[in-house]
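Welcome! Please take a moment to look over the sequence and the structure below, and then we can walk through them together.

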Amino acid sequence: MVSLTYFVASSIDGRIAGPDGDFGAFPVVGDHIDMLAEDWTDTLPGAALDALGRTAPNDRFDTVVMGWRTYAAGFPYGVHDPYPHLRQVVFTHDPQRPVGGSPGGVEFTDAEPVDVVRRLKADSPVGVWLCGGGDLAGQLADEIDVLVVKVNPIVLGDGISLFAGLPYDPRTWILGDSTSYASGVVVNQYVRR
């Protein structure tokens with residue numbers, strides 16, 4: 001069985017987006033972006049891969065799971081198939097809800113996230129990436145095997161929590177790696193204890 005990796009950008013105060021889902025405060029230039037392009041190519045959206053003239057190797061992930069709001073973040077830009085190089089599973093309370101049709105590479109489900117992720121982990125030959133959002137991460141907290149947090153040098157104050165809706169129940173992780181970048185971003189990689 002492969003790992004579920006929650007690979008996500010966060011503010012210093014643990015917010016993955018503003019209250020309205022806006023993540024525009026996170027820096028999109030700097031040496032940490034080079035790291036993403038080189039080491040985490042599978043997590044780049046299709047448009048970014050095209051702009052860089054790259055192809056995702058799918059050596060880390062072949063599947064991405066996300067909540068509806070994370071998926072819908074691309075709608076203002078006409079993006080309805082954000083990661084065409086991955087199997088994409090979008091959790092929604094209404095699987096008939098997709099706007100602009102249902103792209104061939106995107107599956108919508110209202111099934112129990114834990115059940116779906118366990119099935120995906122058993123079926124995936126490579127790995128499953130949880131790209132967001134905080135509500136889904138809260139529901140999947142006990143299924144996450146690897147946590148990679150790109151901590152950005154900003155404080156949002158309010159917004160969507162890294163693990164929204166998670167009740168108080170301390171969980172311990174082991175820091176496997178931590179890399180600081182000149183941009184001020186620190187990437188911490190944890191594994192479940």
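The paragraphs that follow explore a sheet, some of its strands and a helix.

Keep in mind as you look that this is a predicted model. A good place to begin is the sheet, which is open and built from eight strands. Reading across, their order is S5-S4-S3-S6-S1-S7-S10-S9, and the pairing is mixed. At the edges you will find strand S5 (106–109) and strand S9 (173–180), each of which pairs on one side only. From one strand to the next, the twist averages 20°. As background, strands of a sheet pair through backbone hydrogen bonds, either parallel or antiparallel.

Now let's step inside the sheet. Which strand does S1 pair with over seven bridges? The partner is S7: residues 4–11 of S1 and residues 146–152 of S7 pair in the parallel sense. You can find this pairing by locating alanine 9, whose bridge partner in S7 is lysine 150.

S1 is also joined to S6, through three bridges, and these two strands run parallel. Here leucine 4 stands opposite valine 128 in S6. S6 is linked to S3 as well, by four bridges, again with the strands running parallel; valine 65 stands opposite leucine 130 in S6. How many of the residues of S6 are buried? Five of its five residues are, so to speak, under cover: S6 is mostly covered.

Finally, look for helix H4 (residues 113–123), which packs on the sheet. This helix touches S1, S3 (63–67), S4 (87–91), S5 and S6 (128–132). The direction of H4 makes about 170° with that of S4.

Notes
Residues numbered from 1 in each chain as written. Predicted model: local features only at pLDDT ≥ 70, side-chain atom pairs only at ≥ 80, totals over all residues. Heavy atoms only, no water. Pairing = 2+ DSSP bridges. Axes fitted to C-alpha atoms, helices over the stretch in contact; angles between N-to-C directions. Contact = heavy atoms within 4.5 Å. Buried < 20%, exposed > 50% of the residue type's maximum accessible area, 1.4 Å probe, protein only.
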